[in-house]
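Please look over the model shown here. A short report on its layout comes after it.

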Amino acid sequence: MSWPRNDPRIDDETWEGWQAQFGESDHAAGFEITRDFQPFNQMNDMFTRAFWDPAVRSHDTDGFFASYRMESAPRRGDGFSLRDFALRNAAWVVSDIISNRAGETGLREGFQGAIQPDTPVAPVQAELANPQEEASEIKRIAKLFGADIVGITEIDPRWHYTHRPDTRDMTAIEDPLPEGMTHVIIMGHAMDFDLVETYPSALAGASTGREYSHEAAICIQLATYIRNLGFKAVASMNDTALVIPYAIKAGLGEYGRNQMVLTPEFGPRVRFSKVFTSLPLAMDAPRKLGLAQYCNSCTICAKSCPPKALPSGPPDLGAGSPSTIAGVKKWNADCEKCFGYWAKLKTDCAICMRVCPFNRRYARWQDRLWRWLALRRAPALAHWWQARQGTRPRLKPRDWWARKGN
Ligand code: SF4
Ligand code: SF4
């Protein structure tokens with residue numbers, strides 16, 4: 001099977017329209033987008049390729065996905081026992097219930113297709129305050145449901161998948177959002193610090209699964225609230241659009257060398273969900289915080305990556321992998337190497353999240369001082385301090401289990 005094209009080259013009129021609408025905020029966000037830009041076809045993401053692309057699919061990748069059900073792969077290494085896999089899979093289960101419920105229609109809700117509404121849009125619209133007040137109210141409600149950080153930005157078609165797979169036969173289909181969506185609410189969900197300290201392990205995968213289960217509930221609840229107000233709202237996790245550029249545009253963080261959004265609150269230890277809506281809301285602006293700037297002279301994540309999938313040099317346009325979006329200058333991972341490592345482990349890896357110096361609790365004054373130096377005052381001093389401290393050693397999974405009162 002040949003690669004599905006990401007998208008035919010976009011025409012000049014569309015490109016110029018995008019420049020006029022998004023050029024200023026692209027600049028503020030630090031985005032460099034070339035004329036070769038092509039919106040992304042979800043058929044080409046690594047997880048989807050693992051189902052149809054013989055260059056990716058293997059005994060290991062099939063075993064990786066099966067291990068999240070009941071076919072776990074316990075083995076002798078610390079962090080890979082039956083109990084470790086059991087906790088990881090239990091953490092995922094609410095997300096799994098949502099993503100499996102429409103399987104017979106070829107839709108994997110939250111991953112390969114948006115989460116379908118359980119309730120219609122109310123026929124009567126609520127009376128609205130001004131967009132600033134509505135935005136601040138929406139953030140409050142999102143946090144009430146459990147989001148840790150929230151930002152709002154405008155719908156940007158460049159980041160929306162041109163196609164998703166019909167999961168019955170893995171053919172590419174178009175699946176646009178309903179008409180009239182104007183805004184996207186981005187919610188960040190912090191992963192458990194101690195579990196992340198045990199990466200790589202099946203136990204650590206519970207930190208990922210827990211947030212997917214949380215975010216499924218939270219984005220469904222927020223979308224339902226908005227529909228009850230009489231406005232359109234679609235709950236979304238990894239489906240429909242790339243969340244990283246949206247999170248950056250919504251002012252939640254900056255793009256790091258480890259391919260994650262670095263946030264000032266949690267560093268990269270955060271997952272994102274989103275709600276597309278027609279509710280008129282004030283938008284947040286992207287922020288240049290200094291996190292990405294710090295990455296320019298830090299390679300801790302790249303050096304710590306077992307398959308050497310992360311770049312050590314400056315941002316570039318990528319090496320032409322179909323899993324890399326075309327025409328965006330950024331740090332690009334070798335996705336094939338990264339996912340190949342996950343498949344061998346039979347669980348996700350986030351060593352590059354664990355070792356990042358921005359991954360701290362920030363409850364201690366020393367960590368807050370380090371961040372203040374890194375972002376504002378003296379990044380060179382922060383680098384020196386970080387080097388002197390060294391990277392925290394991995395928390396042994398058996399020590400996590402031995403702790404009381406986690
Ligand atoms: S997730 Fe693991 S394998 Fe992938 S880039 Fe990060 S450290 Fe490397
Ligand atoms: S480890 Fe260093 S280079 Fe990698 S994302 Fe964190 S700060 Fe950036």
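The text below covers a sheet, its helices, a helix pair, two ligand shells and one loop residue.

**The sheet**

This is a predicted model. Four strands build an open sheet in the order S2-S5-S9-S6, and the pairing is antiparallel. Strand S2 (149-154) and S6 take the edges. Each of these two has a single partner strand, so one side of each is left without a neighbour in the sheet. From one strand to the next, the twist averages 20 degrees.

How many bridges join S9 to strand S5 (residues 183-190)? S5 and S9 pair over eight bridges, in the antiparallel sense. Strand S6 (residues 233-236) also pairs with S9 in the antiparallel sense, over four bridges. Individual partners fix the register. The table lists them.

| Residue | Partner in S9 |
|---|---|
| Val 184 | Phe 276 |
| Ile 186 | Lys 274 |
| Ala 235 | Val 275 |

Why does strand S9 (residues 270-277) count as largely enclosed by the rest of the structure? Eight of its eight residues are buried, so S9 is largely enclosed. Being buried takes 20 or more other C-beta atoms within 10 Å. Both faces of S9 are covered. On one side, Val 270, Phe 272, Lys 274 and Phe 276 are buried. On the other side, Arg 271, Ser 273, Val 275 and Thr 277 are buried. Lys 274 thus has two entries here: it is buried in S9, and it stands opposite Ile 186.

**Helices across the sheet**

Two helices lie across these strands. Helix H5 (residues 131-145) lies across S2 and S5. H5 runs at about 140 degrees to S2. Helix H7 (residues 205-228) lies across S5, S6 and S9. H7 runs at about 20 degrees to S9.

**A helix pair**

Two packed helices are described by the angle between their axes and the distance between the axes. The axes of H13 and helix H14 (residues 379-389) come within 6 Å. They cross at roughly 135 degrees. H13 and H14 are therefore oblique to each other. By class, their contact has seven nonpolar, no polar and no charged residues. H13 brings Trp 370, Leu 373 and Ala 374 to this contact. They meet Pro 379, Leu 381, Ala 382 and Trp 385 in H14.

**Ligand shells**

Which residues come nearest to ligand 2? Gly 256, Cys 295, Cys 298, Cys 301 and Cys 356 do, out of 13 residues around ligand 2. Helix H9 (291-295) and helix H10 (300-304) each supply at least two residues of this shell. By class, the shell around ligand 2 has nine nonpolar, three polar and one charged residues.

The shell around ligand 1 has twelve nonpolar, no polar and no charged residues. Its cysteines include Cys 305, Cys 338, Cys 349 and Cys 352. Pro 306, Pro 307, Ala 309, Leu 310 and Ala 333 are also around ligand 1, as are Tyr 341, Ala 350 and Ile 351. Helix H11 (335-345) and helix H12 (351-354) each supply at least two residues of the shell around ligand 1.

**A loop residue**

Ala 363 lies in the loop between H12 and helix H13 (365-377). Is Ala 363 buried or exposed? Ala 363 has 8 C-beta neighbours inside 10 Å, so it counts as exposed. The cut-off for exposed is 12 or fewer. Ala 363 and Ser 207 are 156 residues apart in sequence. In space, C-alpha to C-alpha, Ala 363 and Ser 207 are 20 Å apart.

Notes. Residues are numbered from 1 along each chain as its sequence is written. Chains are lettered from A and ligands numbered from 1 in the order in which they are written. This is a predicted model: local features need pLDDT of at least 70, side-chain atom pairs count only at pLDDT 80 or more; totals for chains, interfaces and linings use all residues. A residue is near a molecule or strand if its C-beta atom, placed from the backbone, lies within 6 Å of it. Ala, Val, Leu, Ile, Met, Phe, Trp, Tyr, Cys and Pro count as nonpolar, Asp, Glu, Lys and Arg as charged, and the others, Gly among them, as polar. Two strands pair if DSSP finds at least two bridges between them. Axes are lines fitted to C-alpha atoms, for helices over the stretch in contact, and angles run from 0 to 180 degrees between N-to-C directions. Angles under 35 degrees count as roughly parallel, over 145 as roughly antiparallel, 65 to 115 as roughly perpendicular and the rest as oblique. Two residues are in contact if their C-beta atoms, placed from the backbone, lie within 7 Å.
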